[in-house]
Amino acid sequence: MQKKSTFTGQLGFVFAAAGSAVGVGNLWRFPYLAAKDGGGVFLLIYLVLIVTVGFALLTTDIAIGRRTGKSAIHAYESMNKKWKFLGVITFFVPVLIMTYYAVIGGWILKYIVLFLTGGTQAAAQDNCFTNFIASPRSVWYGLTFMMLTALIVYKGVEKGIERVSKTVMPLLLILVIGIACYSLTLKNSADDGTIRTGLQGLRVYLTPDWSGMTVSRFLQITLDAMSQLFFSLSVSMGIMITYGSYVKRDVNLGKSISLIEIMDTGVALLAGAMIIPAVFVFFGVDGMSAGPGLMFISLPKVFDCMGAAGRIIGLLFFVLAAFAALTSCISVLESITANCMEIFHTERKKTTGVLTILYLIATAVIALGYSIFYVEVMLPNGSTGQLLDIMDYISNSFMMPFIALLSSVFVGWIIKPSWITEEMERGGTKFRRKQLYIVMIKYILPIIMLILFFQSTGILNHL
Ligand code: PHE
């Protein structure tokens with residue numbers, strides 16, 4: 001058997017894992033949830049959750065990966081034969097996510113091209129985004145993004161994934177800090193003469209808005225924060241198990257996990273500080289209720305209002321988003337590849353080749369879900385969706401809480417938390433949040449995940 005590939009050291013692992021975690025979720029979903037959910041209230045809840053729930057889930061995945069040295073299916077099987085099914089379910093999350101992630105990457109590529117060629121007006125036009133996705137030609141952008149991802153995974157763990165992450169992540173951090181600083185310097189006088197500044201926007205973002213807070217609204221915000229956390233940390237989908245299996249035995253896992261949490265949350269907070277003040281300056285508080293359309297519809301309008309600088313800032317923003325999406329997309333494909341290599345005993349190049357063909361087809365189908373294959377399906381949360389939303393709902397809202405529930409019961413009560421804490425303490429390393437981990441995995445996570453799971457099925461809405 002060939003020697004298993006690994007990351008060269010802690011830095012390579014942390015950048016690759018943070019690259020997976022930092023994605024469009026940080027840049028687009030986090031800011032719009034914060035805007036919707038009372039600014040600072042959402043931030044406070046999110047921060048508490050990340051160092052408790054997020055930490056426990058991330059630790060579980062990474063420790064399972066390193067201790068077993070395998071990807072989800074074989075990892076769970078080697079821990080307990082009867083629990084192989086959990087590995088199989090986990091494997092299907094990236095399988096589903098991969099069908100649409102490159103489509104979103106393609107949308108970002110399109111905006112890079114728009115800013116390069118057409119200036120800010122083209123991207124700011126009212127129906128720019130909807131017209132684009134409704135055109136079958138949009139497929140080419142998704143396919144390009146898919147090919148790019150496949151090429152990197154084809155090159156392997158060290159030469160492909162680690163090398164790209166180590167280059168792209170520092171650039172991404174510089175860009176997000178730079179654009180956030182620029183946002184704070186913005187100033188604009190509205191039609192009615194009121195002057196709004198970036199710093200006022202920052203205050204709107206950070207100050208907790210407790211007005212009209214009720215128990216049910218608080219719960220709703222907590223649930224929003226929780227599902228964001230899953231998506232953002234890329235946990236409970238086997239990706240971190242695969243990446244964990246590439247970590248050398250002498251790397252300090254506890255420290256790496258803290259760094260990943262800090263990077264993921266840091267980029268999300270900075271993305272909010274970059275987007276919310278900019279939208280506030282040009283469109284006021286009302287502009288922030290744009291919801292999911294924030295990234296592709298409202299932001300281009302904001303860039304258009306910035307004048308000449310808008311074209312550069314807009315271009316930089318979408319380049320940043322493309323980097324974030326690429327390192328995430330790589331991790332999804334890598335996790336599928338690693339599982340397939342273990343199941344079929346095939347080598348990397350052949351496995352990636354076959355998967356690439358399959359996913360080029362899937363990407364095309366999902367991208368055409370807004371034109372040729374257009375459907376409208378009612379989802380359990382009450383919204384209607386197209387193919388992409390259906391895949392997203394099944395994988396993120398439905399399967400992930402279910403997997404987290406099962407894996408916390410499995411680790412907390414069947415194989416016992418010590419199985420994980422031993423791995424965290426390998427070589428005499430101190431596991432600083434050990435007690436917190438044990439309480440979270442045994443008691444708190446199962447309860448929270450049960451609630452989230454019921455919410456995703458729509459049952460809670462009827463209570
Ligand atoms: N964590 C990524 C983000 O925040 C999203 C992602 C989901 C990445 C699933 C990989 C797999 O955008």
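**Helix packing and the ligand shell in a predicted model**

Leu253 lies in helix 13 (residues 253-287); helices here are DSSP runs of H or I with at least four residues, numbered from the N terminus. This is a predicted model, in which local features need pLDDT of at least 70 and side-chain atom pairs count only at pLDDT 80 or more, while totals for chains, interfaces and linings use all residues. Residues are numbered from 1 along each chain as its sequence is written.

Leu253 is buried, because 26 other C-beta atoms sit within 10 Å. On this scale a residue is buried if 20 or more other C-beta atoms lie within 10 Å of its own, exposed if 12 or fewer, and partly exposed in between, with C-beta atoms placed from the backbone. Once its neighbours within four places in sequence are left aside, Leu253 touches Ile62, Ala63, Arg66 and Met424, contact being C-beta atoms, placed from the backbone, within 7 Å of each other. With Ala63 the separation along the chain is 190 residues, yet the two C-alpha atoms are 7.8 Å apart.

Helix 13 also packs against helix 2 (24-36). Two packed helices are described by the angle between their axes and the distance between the axes. For helix 2 and helix 13 these come to about 65 degrees and 8 Å; the axes are lines fitted to C-alpha atoms, for helices over the stretch in contact, and angles run from 0 to 180 degrees between N-to-C directions. That makes helix 2 roughly perpendicular to helix 13, where under 35 degrees counts as roughly parallel, over 145 as roughly antiparallel, 65 to 115 as roughly perpendicular and the rest as oblique. The crossing of helix 2 over helix 13 is right-handed, with the near helix turned clockwise from the far one by less than a right angle (anticlockwise would be left-handed). Helix 2 brings Asn26, Leu27, Phe30, Pro31, Ala34 and Ala35 to the contact, and helix 13 answers with Asp264, Val267, Ala268, Ala271, Gly272, Ile275 and Ile276. By class, this contact has ten nonpolar, two polar and one charged residues; Ala, Val, Leu, Ile, Met, Phe, Trp, Tyr, Cys and Pro count as nonpolar, Asp, Glu, Lys and Arg as charged, and the others, Gly among them, as polar.

Helix 15 (308-344) has packing partners too. One of them is helix 9 (residues 157-184), whose axis comes within 9 Å of that of helix 15 and crosses it at roughly 145 degrees. This crossing is left-handed. From helix 9 the residues in contact are Ile161, Val164, Ser165, Val168, Met169, Leu171, Leu172, Leu175, Val176, Ile179 and Tyr182, and from helix 15 they are Ile313, Leu316, Phe317, Leu320, Phe323, Ala324, Leu326, Thr327, Ile330 and Glu334. The contact of helix 9 with helix 15 counts 18 nonpolar residues, alongside two polar and one charged.

Helix 4 (residues 72-79) packs on helix 15 as well, at about 60 degrees and with axes 8 Å apart. That makes helix 4 oblique to helix 15. Here Ala72, Ile73 and His74 of helix 4 meet Asn339, Glu342 and Ile343 of helix 15, a set made up of three nonpolar, two polar and one charged residues.

Helix 2 and helix 15 turn up again at the ligand. Along with helix 1 (10-21) and helix 11 (215-233), they each supply at least two residues of the shell. The shell has 14 residues, and Gly23, Gly25, Ser232, Ser234 and Ser328 come nearest; to be near a molecule or strand, a residue needs its C-beta atom, placed from the backbone, within 6 Å of it. Six of the shell residues are nonpolar, eight are polar and none is charged.

Ser234 has a backbone quirk: although not a glycine, it shows a positive phi of about 55 degrees. Ser234 sits in the loop between helix 11 and helix 12 (239-245) and counts as buried because it has 31 C-beta neighbours inside 10 Å. Lys416, also not a glycine, has a positive phi of about 80 degrees. Its place is the loop between helix 17 and helix 18 (418-424), and with 15 C-beta neighbours inside 10 Å, Lys416 counts as partly exposed.

Helix 17 (residues 387-414) holds Asp389, which is partly exposed with 18 C-beta neighbours inside 10 Å. From Asp389 to Leu379 is ten residues in sequence and 8.7 Å in space, C-alpha to C-alpha. Trp210, in the loop between helix 10 (198-206) and helix 11, counts as exposed because it has 11 C-beta neighbours inside 10 Å. Trp210 and Asp37 are 173 residues apart in sequence, with 10.0 Å between their C-alpha atoms.

Technical notes
Contact = placed C-beta atoms within 7 Å.
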